[in-house]
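User: Please take one part of this model, the meeting of its protein chains, and examine it closely. I should then like to see how the rest of the model is arranged around it.

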2 protein chains.
Amino acid sequence: MAVAERRERERVARREAILDAAEELTANVGYEALRMDAVADAAELSKGTLYLYFQNKQELCAGVAARLIGDFIPLLEAHVADARSGLDAARRVLESYCEFTRENPQHFRFALTWLSAGEKLDDGTEAFRSYQQRVGEVLQHAVVAIERGQQDGSVRTDIEPLPHAVQLWSSMLGVILIDLNKESISQRIPVPVDLDQVVDLHIDAMARALGGKEQA
Amino acid sequence: MAVAERRERERVARREAILDAAEELTANVGYEALRMDAVADAAELSKGTLYLYFQNKQELCAGVAARLIGDFIPLLEAHVADARSGLDAARRVLESYCEFTRENPQHFRFALTWLSAGEKLDDGTEAFRSYQQRVGEVLQHAVVAIERGQQDGSVRTDIEPLPHAVQLWSSMLGVILIDLNKESISQRIPVPVDLDQVVDLHIDAMARALGGKEQA
DNA sequence: GTCAGGCACTGACCAATGGTCATTTTGGCC
DNA sequence: GGCCAAAATGACCATTGGTCAGTGCCTGAC
């Protein structure tokens, strides 16, 4: 029986090693340009072996993304812990998520794909379930922040926390999308905008919209 | 010389015919799943011919997107024309864009790809320049709405119109992304949210944040 | 009328790449 | 040493975006 347990440990370790290789490659080239052959080379395995640990490329990417966002959650919690009010906590959730995506831009790309994928996605695999659950946790922090703000008076009391948490998170996605690609977008759009300030403007706007009392 | 002119007309017409075929296919399956062979079949041409009219698949998609957003601009202008105030005009810009993406969800997917593409994109082709210019026009309508609101008192005067127009537009992107995929997302996220109201909540929040005077 | 030149078009072909599976290797157990 | 199951392999396949040498029709000159 001890053999079975060791085998299971080795299996988990190998899976992690594959994810290590994929994560490093992904950080450089992104999920789209990630090549399964390259992952196999980097992990010193044959390509066929990858498919013993992951159903397909999507699930491998989901595994990478799930680990990344899993590492983010403690950071988010630490950053929220110092909040002076519920409204401040909500700000910190948004700021933390933005900082996380700046450090892991490829992860954000994966999130966009995941959100847009519609029915075409192999849900149900372990990696995807893990990813989904962690996204839910992040969202929950926004809900808690709003509820706290309604209790301490920093957030309007005539709104429902959960739908507004989703609104906060959704709108932040769009703003982050612009922020991550601001160099190329500012070249493309025939309008001279400083895209550096968009995130800050948005967080301020959200705070103003949520705020229980008037505030400059 | 008359021959050269007729040839040019025929060339434009054929290009439009290719775009017609691609647009119809795209509406069904999206840009990702669009197959160049299928476009060629639908246009009753060989695949090689497509590449005489478009540099690559990306540019063909950009051509479809540029036509779609070109058709949208008059609708946007009509909808904004009835606005009672600058703030109302800003709302209408957001509402119109949302309605447009609901009718042309695949176009929105293209926009996301375009925004995320970074350097990997063959800019400079005619289709892309046309697309970019029209996106700029839509953005300009948001700028004008904010300026009008600052003059009629419906929008705060301590903000810069252009950066805030970008903030409005960016955040709307994220909200629309969720709205377009709400069915699959609500199944995936381990939280029971009614995603139907997110767009309305967001537009209200934006109006509140922009508003010159306090309003419920 | 006819013939050369050129233009639009063709479709067989190529390269890249995600995924498969028959076969080989490994390692534990008797 | 022999046997078996699990793990791993890598040659192979199917799909698909893109290419290019070749075909044929139209035109304008003579």
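Analyst: **The pairing of the chains**

A turn of 180° with a shift of 0.0 Å along the axis lays chain A on chain B with an RMSD of 0.0 Å, the superposition being by least squares on the C-alpha atoms of residues with pLDDT of at least 70 in both copies. The two copies are therefore related as by a two-fold rotation axis. Both copies use the same surface, since 100% of the contact residues of chain A recur in chain B; two residues are in contact if their C-beta atoms, placed from the backbone, lie within 7 Å.

This is a predicted model, in which local features need pLDDT of at least 70 and side-chain atom pairs count only at pLDDT 80 or more, while totals for chains, interfaces and linings use all residues. Residues are numbered from 1 along each chain as its sequence is written, and chains are lettered from A and ligands numbered from 1 in the order in which they are written.

In the contact between the chains, 43 residues of chain A meet 44 residues of chain B. On the chain A side, at least two residues each come from α6 (105–116), α7 (126–152), α8 (161–180), α9 (182–188) and α10 (198–210). Helices (H or I, at least four residues) and strands (E, at least two) are DSSP runs, numbered from the N terminus. The largest share of this side, 13 residues, is supplied by α8(A). By residue class, the side of chain A that touches chain B holds 22 nonpolar, 14 polar and 7 charged residues. Here Ala, Val, Leu, Ile, Met, Phe, Trp, Tyr, Cys and Pro count as nonpolar, Asp, Glu, Lys and Arg as charged, and the others, Gly among them, as polar.

The chain behind this surface contains 10 helices and 0 strands. The C-alpha trace of chain A spans about 65 × 50 × 30 Å along its principal axes. Of its 216 residues, 44% count as buried, a term that requires 20 or more other C-beta atoms within 10 Å of the residue's own, with C-beta atoms placed from the backbone. Among contacts in chain A with a separation of 6 or more, 67% join residues 24 or more positions apart.

Helix α6 of chain B merits separate attention. Because 9 of its 12 residues are buried, α6(B) is largely enclosed by the rest of the structure. Those buried residues include B:F108, B:F110, B:L112, B:W114 and B:L115, together with B:H107 and B:R109. After α6(B) comes B:G118, which has a positive phi near 60°.

The DNA strands engage other helices. Around DNA strand C there are 18 residues, with A:G48, A:N56, A:K57, B:S46 and B:G48 nearest; a residue is near a strand if its C-beta atom, placed from the backbone, lies within 6 Å of it. Two or more residues of that surface come from each of α2 (36–42) and α3 of chain A and α1 (2–29) and α3 of chain B. Its largest share, 4 residues, belongs to α3(B).

DNA strand D is likewise surrounded by 18 residues, the closest being A:G48, B:V3, B:G48, B:N56 and B:K57. Here α1 (2–29) and α3 (47–53) of chain A and α2 (36–42) and α3 (47–53) of chain B each supply at least two residues, and α3(A) gives the most, with 4. The surface near DNA strand D comprises 5 nonpolar, 5 polar and 8 charged residues, and the surface near DNA strand C divides into 5 nonpolar, 5 polar and 8 charged.
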